[in-house]
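Biologist: Please take a close look at one part of this model, the place where the two chains meet. Build the picture up from each chain, then take me through the contact itself.

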Amino acid sequence: MHEMGIAIEIYRASREAVSGHGPGRVERVRLAVGELAAVEPDLLSFAWEAVVAGGPDAQSRLEVEWRPARQLCSACGEVAERASGSWLRLCPQCELPLVVEGGDELDILEIVYEAEEAR
Amino acid sequence: MKTIVTVRRKALASNDERAAQLRALLAERGTLALNLISSPGSGKTTLLEASLRELGGEIRCAVLEGDVATERDAERIRALGVPAHQILTGGACHLDARLVQAGLEAGRIPEVDVLFIENVGNLICPTSYDLGEDFKVVLLSVTEGDDKPFKYPAIFARAEVAVISKADLLPHVPFDLAAVREQIATLNPTGTILLTSSVSGEGMDAWCDLLRARLAAKRGAPA
């Protein structure tokens, strides 16, 4: 389980990204997680709660956008349809080997930050 | 006031920065670095011992060993007269670039031709962390079952080389080698698959030749 370390890293990076916006609190962080990122979204959200607990961002949420990997045919270029977690050996149309693309995302996309009103 | 800050930053960017520093250092030294990943007990250290015996007189090697506890693996490597340093993660399930940087320094690892980094035994967590290596090697022993590539697709999709180890046990275990090859090729059509046994020596020539060729390629010489 390495999701705790990743959650800590995401929180640190998120706080750094909003550091120029004055005091306030993080409302939510949106994250892209790929099918081949070797990260479990539910565990990551659970770890996030533990990381922010007791601090100024205790109410914040980590929103995970799931990004499936794609299997492309080198001949027809079509993205072969497949059930999540299963893999096609050959293109159903051309019967040629497929290439796996993407799905390795572990990217912070945006942070919604509620800055305190200036006095 | 609500602000939406668009970031587009890798979650592990700070690890990636350190990995880039390592990669630059290793490039400067002309060192080929491998990141070996597998579940515990699939034969990473035994493959290294067999490799070092074969390459010993010809290529300067060093090993960084990642484990949760004990110096055992580093001791096994040092017994062969090869510089090795044990990185103890104290519970963490993977190595990261910071641990490798610290390990190179603490272990006073000399300039070598090939640096083997043996990750903590785990097929999941080490996948996410770039260690500055030239390529990842995943090991799968025939006793682990023939369904593993699709069960752990991330590492099999990323590892340039897949080593199916303990080939000498094939007659004794139900293991559909063709099915495993097909699963790996599905996830990584351009990868290399090797069948090895550190006990019988099967496949060791192909493995050592691959290392020689990759080292030559890194140094810009014809393989």
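Modeller: **From chain A to the shared sheet**

Along its sequence, chain A reads α-β-α-β-β-β-β. That comes to two helices and five strands. The model is a predicted one. Chain A has a radius of gyration of 19 Å, well over the 14 Å that the globule rule gives for 119 residues, so chain A is more spread out than a compact globule. The C-alpha trace of chain A spans about 65 × 30 × 15 Å along its principal axes. Of the 119 residues in chain A, 31% are buried. Take the contacts in chain A between residues at least 6 apart in sequence: 71% of them join residues at least 24 apart.

Chain A is split into two domains. Domain 1 covers 1-68 + 103-119, and domain 2 covers 69-102. Their C-alpha centres lie 32 Å apart. Seven residues from domain 1 of chain A and four residues from domain 2 of chain A make the contact between them. On the domain 1 side, the classes are two nonpolar, two polar and three charged residues.

Now chain B. Its secondary structure comes to eight helices and eight strands. A compact globule of 223 residues would have a radius of gyration near 17 Å; chain B has 18 Å, which agrees. Along the principal axes, the C-alpha trace of chain B spans about 70 × 40 × 40 Å. Buried residues account for 47% of the 223 residues in chain B. Among contacts in chain B between residues at least 6 apart in sequence, 74% join residues at least 24 apart.

**The interface**

Here the chains meet. On one side are 28 residues of chain B, in contact with 30 residues of chain A. Four elements of chain B each give two or more residues to this side: strand 1 (2-10), helix 1, helix 6 (153-158) and helix 7 (177-187). Strand 1 of chain B gives the most, with nine residues. By class, the chain B side divides into 16 nonpolar, seven polar and five charged residues.

Strand 1 of chain B also pairs across the interface. Seven bridges join it to strand 5 (residues 106-115) of chain A, and the two strands run antiparallel. One pair to look for: A:Glu114 has B:Lys2 as its bridge partner in strand 1 of chain B.

This pairing belongs to a sheet built from both chains. Four strands form an open sheet, in the order 2(A)-1(A)-5(A)-1(B), with mixed pairing. Strand 2 (61-67) of chain A and strand 1 of chain B are the edge strands, each pairing on one side only. From one strand to the next, the twist averages 20 degrees.

Move to the chain A end of the sheet. Strand 1 (residues 24-34) and strand 2 of chain A run parallel, joined by seven bridges. Within that pair, A:Val29 has A:Leu62 as its bridge partner in strand 2 of chain A. Helix 2 (residues 41-52) of chain A lies across strand 1 and strand 2 of chain A. Its direction is about 165 degrees to strand 2 of chain A.

Helix 1 of chain B is among the elements at the interface. Within its own chain, helix 1 (residues 13-29) packs with helix 4 (residues 97-106) of chain B at an angle of about 35 degrees, their axes 8 Å apart. Helix 1 of chain B brings B:Asn15, B:Arg18, B:Ala19 and B:Leu22 to this contact; helix 4 of chain B brings B:Ala97, B:Arg98, B:Val100 and B:Gln101. The classes come to four nonpolar, two polar and two charged residues.

Two residues of chain B round off the view. B:Phe150 sits in helix 5 (residues 148-151) of chain B. Leaving aside neighbours within four places in sequence, B:Phe150 is in contact with A:Trp87 and B:Gln183. B:Phe150 counts as partly exposed because it has 18 C-beta neighbours inside 10 Å. Its C-alpha atom is separated by 32 Å from that of B:Thr70, 80 residues away along the chain.

B:Gly90 lies in the loop between strand 4 (84-88) and helix 4 of chain B. With 8 C-beta neighbours inside 10 Å, B:Gly90 counts as exposed. B:Gly90 and B:Thr70 are 20 residues apart in sequence and 9.8 Å apart in space, C-alpha to C-alpha.

Definitions and conventions: Residues are numbered from 1 along each chain as its sequence is written. Chains are lettered from A and ligands numbered from 1 in the order in which they are written. This is a predicted model: local features need pLDDT of at least 70, side-chain atom pairs count only at pLDDT 80 or more; totals for chains, interfaces and linings use all residues. Domain bounds come from an automatic or database domain assignment. Two residues are in contact if their C-beta atoms, placed from the backbone, lie within 7 Å. Ala, Val, Leu, Ile, Met, Phe, Trp, Tyr, Cys and Pro count as nonpolar, Asp, Glu, Lys and Arg as charged, and the others, Gly among them, as polar. Axes are lines fitted to C-alpha atoms, for helices over the stretch in contact, and angles run from 0 to 180 degrees between N-to-C directions. Two strands pair if DSSP finds at least two bridges between them. The radius of gyration is taken over C-alpha atoms; the globule rule is 2.2 Å times the number of residues to the power 0.38. A residue is buried if 20 or more other C-beta atoms lie within 10 Å of its own, exposed if 12 or fewer, and partly exposed in between; C-beta atoms are placed from the backbone.
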